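Subject: The structure we talked about

Hi there,

Here is the structure I promised to pass on to you. Please open it alongside this email and keep the sequence at hand while you read.

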Amino acid sequence: MKIPTLLPKMTRRTWLSRMQRLGVFTLGACLSPAIIFAKKEDAAAAIQKITGGAKVENQRVTLVIPPLVENGNLVVLKVSVESPMTANDYVKAIHVIAEGNPLPNIFTAYLTPRSGTATITTRVRLADSQRVWAIAQMSNGSFYQGYAETLVTLSACTELV
């Protein structure tokens with residue numbers, strides 16, 4: 001006796017193809033940009049972790065980023081900190097935080113008095129239009145910050161992390 005089936009006959013290849021499409025659709029729904037990108041609270045938490053709750057002054061740090069960026073894959077960033085860079089008074093580290101990237105802490109550069117100047121120029125990836133922070137950690141344990149805002153027209157950092 002043959003049992004009638006309501007489902008049409010499907011090959012293994014067709015079934016795998018449908019499951020693949022379903023998986024991609026589900027993954028896309030789960031990983032929307034609102035979930036992937038960091039939020040201001042994540043950037044604030046990263047700054048809090050770096051400073052350990054110490055007071056951060058809004059001076060001595062200059063962060064330069066172009067106000068309008070066509071492609072977020074290569075954004076020129078320049079950070080400079082006013083410091084004599086002597087053995088007793090120097091910039092120990094510069095931390096760069098982006099509030100809209102999947103991982104807010106972009107990089108940390110460690111300096112010594114032998115660095116000469118506390119100036120860093122590099123290229124970074126930015127996921128979206130956002131505010132970027134530079135936190136300077138001084139040799140005496142104090143912290144200074146500066147920020148810049150940029151508008152990114154073609155986002156980067158959108159692949160899975």
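Below is a short tour of what was found, going from the whole chain to single residues.

Please keep in mind that this is a predicted model.

**The chain as a whole**

The protein chain has 3 helices and 9 strands. Their order is easy to remember, since reading along the sequence gives α-α-α-β-β-β-β-β-β-β-β-β. The chain counts 161 residues, and 35% of them are buried. Its accessible surface is about 10600 Å², with 58% of that belonging to carbon and sulfur atoms. For contacts between residues at least 6 apart in sequence, 66% join residues that are at least 24 apart.

**The nonpolar cores**

Which residues have the most contacts inside the largest nonpolar core? They are L63, L77, V79, V81, V91, I94 and V132, in a core of 28 residues. The elements that each give two or more residues to this core are β2 (61-64), β4 (75-81), β5, β6 (105-110), β7 (118-124), β8 (130-138) and β9 (143-154). A second, separate core has 8 residues, among them A43, I50, I97 and W133. In soluble globular proteins, nonpolar side chains tend to be buried together.

L63 is a good residue to click on if you want to look around the largest core. Setting aside neighbours within four places in sequence, L63 is in contact with L77, K78, V79, V132, W133, A134, G146, Y147 and A148.

**H95, a buried residue with polar contacts**

Next, find H95 in strand β5, which covers residues 91-98. Is H95 buried or exposed? H95 counts as buried because its relative accessible area is 7%, and the cut-off for buried is under 20%. The side chain of H95 makes a polar contact of 3.0 Å with the side chain of T108. Another polar contact, of 3.4 Å, joins the side chains of H95 and Q137. Beyond its neighbours within four places in sequence, H95 is in contact with I50, F107, T108, W133, A134, I135 and Q137.

**F143 in strand β9**

F143 sits in strand β9. With a relative accessible area of 6%, F143 is buried too. Not counting residues up to four places away in sequence, F143 touches I50, T51, A54, K55, V56, E57, I135, A136 and Q137. You can also try the distance tool here: F143 and I94 are 49 residues apart in sequence, and their C-alpha atoms are 9.7 Å apart in space.

**Two salt bridges**

How many salt bridges are there? The count comes to 2.

One of them joins K55 and E57, with 3.8 Å between the closest N and O atoms. K55 is exposed, at 67% relative accessibility, whereas E57 is partly exposed, at 29%. Both K55 and E57 are on the list of residues that F143 touches.

The other joins E149 and R131, and here the closest N and O atoms are 2.5 Å apart. This pair links distant parts of the chain, with E149 in strand β9 and R131 in strand β8, 18 residues apart. E149 is partly exposed at 47% relative accessibility, and R131 is partly exposed at 23%.

**A nonpolar patch on the surface**

Finally, turn to the start of the chain. Which residues form a nonpolar patch on the surface? They are M10, W15, L16 and M19, and together they have about 380 Å² of accessible area.

M10 lies in the segment before α1, while L16 is in helix α1 itself, which runs over residues 12-30. Why does M10 count as partly exposed? Its relative accessible area is 38%, and partly exposed means a value between the 20% and 50% cut-offs. L16 is partly exposed as well, with a relative accessible area of 40%. Leaving out residues up to four places away in sequence, M10 touches W15 and R18.

Enjoy exploring, and write back with any questions.

Best wishes

Methods. Residues numbered from 1 in each chain as written. Predicted model: local features only at pLDDT ≥ 70, side-chain atom pairs only at ≥ 80, totals over all residues. Heavy atoms only, no water. Helix = DSSP H or I, 4+ residues; strand = E, 2+ residues; numbered from the N terminus. Buried < 20%, exposed > 50% of the residue type's maximum accessible area, 1.4 Å probe, protein only. Polar contact = N/O pair within 3.5 Å; in protein donor to acceptor, adjacent residues only side chain to side chain. Contact = heavy atoms within 4.5 Å. Patch = residues over 30% accessible without salt bridge, like charges linked within 9 Å, V, L, I, M, F, W, Y side chains within 5 Å. Areas by Shrake-Rupley, 256 points an atom, 1.4 Å probe, with all protein chains shown as cover. Salt bridge = Lys/Arg side-chain N within 4 Å of Asp/Glu carboxyl O. Core = buried A, V, L, I, M, F, W, Y, C linked by side-chain atoms within 4.5 Å.
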